[in-house]
Amino acid sequence: MTTKRVERGPGENRGIAGRMFQLFSSFALAIWVLTLLLLITLLGTIAQIDLGLHGAIETYFDPLFLIHWFEFGQPRSIRIPLPLPGGYLLMALLCLNMLCGAIIKARKSWRRPGMLLSHFSIIFMIIAGFVSFHWKREGNIALYEGETSNEFRSYHDWVVEIRDTSPDVSTALVIDQELFRNLAPGDSERTFRHPSLPFSLALSGYLKNTKPSRGQREGLEAEGFFLQKLAPETENERNLPGLVATAKGSSGEFLGSGLLWGGASHGWTVEADNRSFLVKLKRRSWKIPFALTLDKFTRELHPGTDKAKVFLSHVTKTKAGHAEQIEITMNEPLRQDGFTFFQASWGPENAKPGDRLYSVFAVVDNPSDMWPLYSCILVGVGLLIHFLQHLVGHLTRAARRREKTPAS
Amino acid sequence: MNHASMLPASNKRALRPIHRIRDRLFVLIMLAWGAALSLASAEDEPADFPLPTFAEDTISLFSAIPVQEGGRVKPMGTVARYALLPLSGRTSLTVGIDPEGDIRTLLKGKRGFEGQTHRYSANEWLLLCLLHPEAAHRIPVFIVDDSDAIVRIGGNPKRKRDIYSYLELAPFQKSLVEETGKAMAMEDRARNRIDTMVMGLGQNVLAYQQLTAFLTFARNGITLGTEDIPEFFNVDDDGRLPVSAFLQTLPKLREDAAETSPAYLEQATVTIERYLGRTDSESIARSRSDALLGKWDDVLGRIRPVAGLASAIQMFPPPPVTGEGLAPQGNLEWFTPSNAILTGLLFENNRPWAIERLKLLEAVEAAKTDAASLHAALSELNAQIRDEGAARGEISQIDREVSLYAGRYLNKALAWFLIGFVVVGSTWLLPGSQTSRLLGWVSVAAVVAALAYLCIGIGQRCLIRQRPPITNLYETILFITACTVVLSLFMEWINRQRIALSTAAVLGAAGMFLAIRFEVSEATDTMPTLIAVLRSNFWLWTHVTVITLGYACGLLAAGLSHIYIVGRAFRLADPQGDFLKSVTRMVYGTICFCLLTSLIGTVLGGIWANYSWGRFWGWDPKENGALMIVLGSAIILHARLGGYFRDLGVHMASILLGIIISFSWWGVNNLGIGLHSYGFTSGVWRNLFTAWAIEGIFLFLGITTWLGSRRKLKPAAP
């Protein structure tokens, strides 16, 4: 068996840069990164019980650093913090480590092509994850039979939309959630202006999950209306945020304030400069380059049970006057113009036979959509070559040993 | 190699006396053989047992009748198996009648019991429930693990864990229903052990009642009374007539009613509408206001409760014309006798169809006291269902499923693994001898035989389901065990030191034991229909099979590492000797294969997710479990390559990898979160923590061994 290996590489004895290279290409770093990644994966998995999937991803896997709290006692009265690197940082370090250690520093030999190939593939896979993390857009379209849409809504991202209600204006301004979701109640408000707007909009008091309150006069308040703070849901898609908006005219005069709530069907109206604007807190939406119509949704059950056998949506895709009929079902999505449409769910849950149903399609626009597949093929080939080389060597040595050792 | 060479001198001396048992080895093997055969053999036949029993060929015939349940067509035997398992925790009941005439179910076998006994297989027990419910009520069949559950419902507890008959529980049924309702209303986490037990008991009693009432319509018919009943009904002295005869008489009833009441047709419409749940209150009120109409409504209405009792088993492929309100899924759903009665009542087109099928069941009921007649009636019923099922292409796998359960492949595999283990164990006691070599080959044969039984079982399941080998948690146990044994035999072929062979026998037996226990604890069909997203043979073949192979490799490595740690800790072998070095080589190679399969399996899972849901990686608990296995394997290989782990370190890390795999395999399914909800099961955490505590002991042994070796390396004090 191999014992401690002497590591030599291009970075040796070359000052700080060389030492840095030595560090980043070392087995020690690889082991530490892999171990910490295993640890945060375990902790992040268990944390999903309390935080939900989205909460755990935001806490453990997306950030550069995190603090994990070990909680003991009833009811969890003792809390011990453990600072840890986050999933993003660990993935970056792993990528760097493999690049330095397994690609640049490693001996390039035809005797070990498998290792080179497989490490390269994993770097490629992590890069695919990086591209997906930063540039993927995902959301859904819910369509009743007969309905048509050409946009999809995000699961998790919210925006404040300001739309001029004049019939001749078709564009709207949006404020991204990154600009207001850290405005906790009690903090100072943040004001937004735009040359096309005759007023400024100040936002404050963002709450992640709220509901309108009639009896309870606490939480967010504006002009006698209240939004009650709720505990965040573990399924992030169910959270309905709320915040307070205040409009001021160009000379700073108060035009009014209102509550923006994610569950509201109508927005808050601001009148300024003889124009009317609708301000709304809504899920971010994106256009798709064609229209999709749900013609028929079929939900087939296993006979005598409530277990779904088939979900099938018959849709019509219309683009530039050309209509095409398509079926979307589980495991058979529609891929079109860089977008992918998946059969995600259906409703209403309590629908009776004959009721009108809606079908929900998950929509994804991911630039690195197929990269993991290519990476998987490469990593499989690489590891297979490497381990087969080892296995053949081992079998050869074992046969030699048997030849040398007389039967006992 | 010479196995004696790997033992320290002191140990060799210690082992010498054991050689004396060489002459007794034959006896030992025969005992193991006997134990194995006892697992696989049927028990004795009854003579004149006081409770009703059935002929073996009649039971076989009954078990092969196709029925539809849980969304698929399966043999009656499968229904019987998963009807008895949740009630009693077993697939057969050994029933004894003691000299006082008390009926007992013998939980620990009939050894020491004085009196007549009979073993009721699940098939025979179900036949008894259907045909002789009064006898079935007397047989203790409801297992209660804690007598506090009986106290809760106001009953009379027996031992702490005991088995109760329906007659013993029936007096407390009202309380049982109330307590079950309370427990069901609670949230899962709020229920304590007794709540869960009471709830299970209540559900089991209800299921049992449905089975024993199933043929009530055939037994009692419909009671019309003797007054004011037209002669053409031909009721008996008690005013009863068979349901099929009642349906046959309906046209005459129509003629008769049409003569006496022109409003009959309107009334018939109202009745039909009411059955279909579409009647408005006005039409009901109108029908009740008319005395004559009310009378006929009453007559027709009496059939409904009779029909309602016969809904436990979907026995008949549907009629040519399916009616709305009877079978919501139309032509796909088989009919219960209850459906048959109602369709015969409501739809004239289906009436002959319904009468024919109800007569078949009435004939079975009528023939129950005569063995030959019963066999003939069941044959006719079976032939009818099979003909229709075959025409619909739905029963092609029925006989295969019957043979799967009748073959008891897992029990036989368990027996042969145990034989293999005993025999290979005996070779360790006789190192280097001719007998040892001979026994080595015997143990290989035993393990191969066990593997063959296991593979037959897996293959049969694939053919029955027309699916790859793994579609649910139960099947992962079978597949992982088979893979572990195959890999072990491969390693044995390379190393030929009986290390991997021993591991194959131990892990094989453990896997079979786990599979059998899992089936008992879950007590549900192990071949359920698949949810929509799993209905993809391509992904089941690729992702699921490969990732499960990764589990198998990791568990095999962990199993082998136990041998190393025990060998090192108790100084049974030289750390630098060939034996322990071989173990390390095997573990290292297996972990390499584990990394390959778990990495590819995990990435394939991501590709499936991307293909089906549009996201490659979602940090779902099951995905994270797979990632942890990949990371664990990669850590071990890199630490070994970098010189951070020596042999002992690799083996301790391998055991930790085994713990991670057990968490990924069983633990994450039971966190109550995530998308992979196919594998939720109860009582797993206790077993997992027990297993991890045992692994903790091995890790502790490893640590003490490591500390001991470090002390030896330190220079002596001056």
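The following questions and answers concern a predicted model with chains A and B.

User: How many residues of chain A are in contact with chain B, and which element supplies the largest share of that side?

Analyst: On the chain A side, 58 residues are in contact with 57 residues of chain B. Elements that each supply at least two residues of this side include helix H4 (113-135), strand S15 (308-319) and helix H5 (371-404) of chain A. The largest share, 18 residues, comes from H2(A).

User: How do the residues of the side of chain A that touches chain B divide into nonpolar, polar and charged?

Analyst: The side in question belongs to an interface in which 58 residues of chain A are in contact with 57 residues of chain B. By class, the chain A residues divide into 33 nonpolar, 19 polar and six charged.

User: What percentage of the residues of chain B count as buried?

Analyst: The secondary structure of chain B comes to 29 helices and nine strands. Among its contacts between residues at least 6 apart in sequence, 68% join residues at least 24 apart. Of the 718 residues of chain B, the buried share is 47%.

User: Which helix gives the most to the largest nonpolar core?

Analyst: The largest nonpolar core holds 146 residues, and Ala413(B), Phe417(B) and Val447(B) touch the most other members. Residues up to four places away in sequence aside, Ala413(B) touches Ala450(B), Tyr453(B), Leu454(B) and Met512(B). The most residues given to this core, 20, come from helix H26 (residues 578-612) of chain B.

User: How many residues are in the second, separate core that includes Val141(B)?

Analyst: Along with Val141(B), this separate core includes Ala218(B), Leu346(B) and Leu374(B). The number of residues in this second core is 84.

User: Are helices H23(B) and H24(B) roughly parallel or roughly antiparallel?

Analyst: The axes of H23 (residues 473-495) and H24 (residues 499-522) of chain B come within 8 Å and cross at roughly 170 degrees. Their contact comprises 16 nonpolar, seven polar and two charged residues. Angles over 145 degrees fall in one class, so the relation of H23(B) to H24(B) is roughly antiparallel.

User: Which residue in S5(B) stands opposite Val95(B)?

Analyst: Strand S3 (residues 92-97) and strand S5 (residues 116-121) of chain B pair in the antiparallel sense, over six bridges. Within this pairing, the residue of S5(B) opposite Val95(B) is His118(B).

User: Which residue takes a positive phi in the hairpin of S3(B) and S4(B)?

Analyst: S3(B) is joined to strand S4 (residues 103-105) of chain B by three bridges, and these two strands run antiparallel. Gly96(B) stands opposite Arg104(B) in S4(B). Five residues lie between the strands of the hairpin, and the residue with a positive phi near 90 degrees is Gly101(B).

User: Which strands stand at the edges of the open sheet S6-S7-S11-S12 of chain A?

Analyst: This sheet has four strands with antiparallel pairing, and its neighbouring strands are turned by 25 degrees against each other on average, direction ignored. Each edge strand has a single partner strand, so one side of each is left without a neighbour in the sheet. The edge strands are S6 (190-192) and S12 (254-261) of chain A.

User: What is the bridge partner of Thr191(A) in S7(A)?

Analyst: S6(A) pairs with strand S7 (residues 199-207) of chain A in the antiparallel sense, over three bridges. In S7(A), the bridge partner of Thr191(A) is Ala202(A).

User: Is Gly205(A) buried or exposed?

Analyst: Gly205(A) is found in strand S7 of chain A. Apart from neighbours within four places in sequence, its contacts are Leu183(A), Pro185(A), Leu220(A), Leu243(A) and Val244(A). The C-alpha atom of Val244(A), 39 residues apart along the chain, is separated from that of Gly205(A) by 6.0 Å. Because Gly205(A) has 22 C-beta neighbours inside 10 Å, its class is buried.

User: Which residue in S10(A) stands opposite Lys211(A)?

Analyst: An open sheet of three strands has the order S8-S10-S9 in chain A, with antiparallel pairing. Its edge strands, S8 (210-213) and S9 (220-222) of chain A, each pair on one side only. S8(A) is joined to strand S10 (residues 225-229) of chain A by four bridges. Opposite Lys211(A) in S10(A) stands Gln228(A).

Technical notes. Residues are numbered from 1 along each chain as its sequence is written. Chains are lettered from A and ligands numbered from 1 in the order in which they are written. This is a predicted model: local features need pLDDT of at least 70, side-chain atom pairs count only at pLDDT 80 or more; totals for chains, interfaces and linings use all residues. Two strands pair if DSSP finds at least two bridges between them. Two residues are in contact if their C-beta atoms, placed from the backbone, lie within 7 Å. Ala, Val, Leu, Ile, Met, Phe, Trp, Tyr, Cys and Pro count as nonpolar, Asp, Glu, Lys and Arg as charged, and the others, Gly among them, as polar. A residue is buried if 20 or more other C-beta atoms lie within 10 Å of its own, exposed if 12 or fewer, and partly exposed in between; C-beta atoms are placed from the backbone. Axes are lines fitted to C-alpha atoms, for helices over the stretch in contact, and angles run from 0 to 180 degrees between N-to-C directions. A nonpolar core is a set of buried Ala, Val, Leu, Ile, Met, Phe, Trp, Tyr and Cys residues joined through C-beta atoms within 7 Å. Angles under 35 degrees count as roughly parallel, over 145 as roughly antiparallel, 65 to 115 as roughly perpendicular and the rest as oblique.
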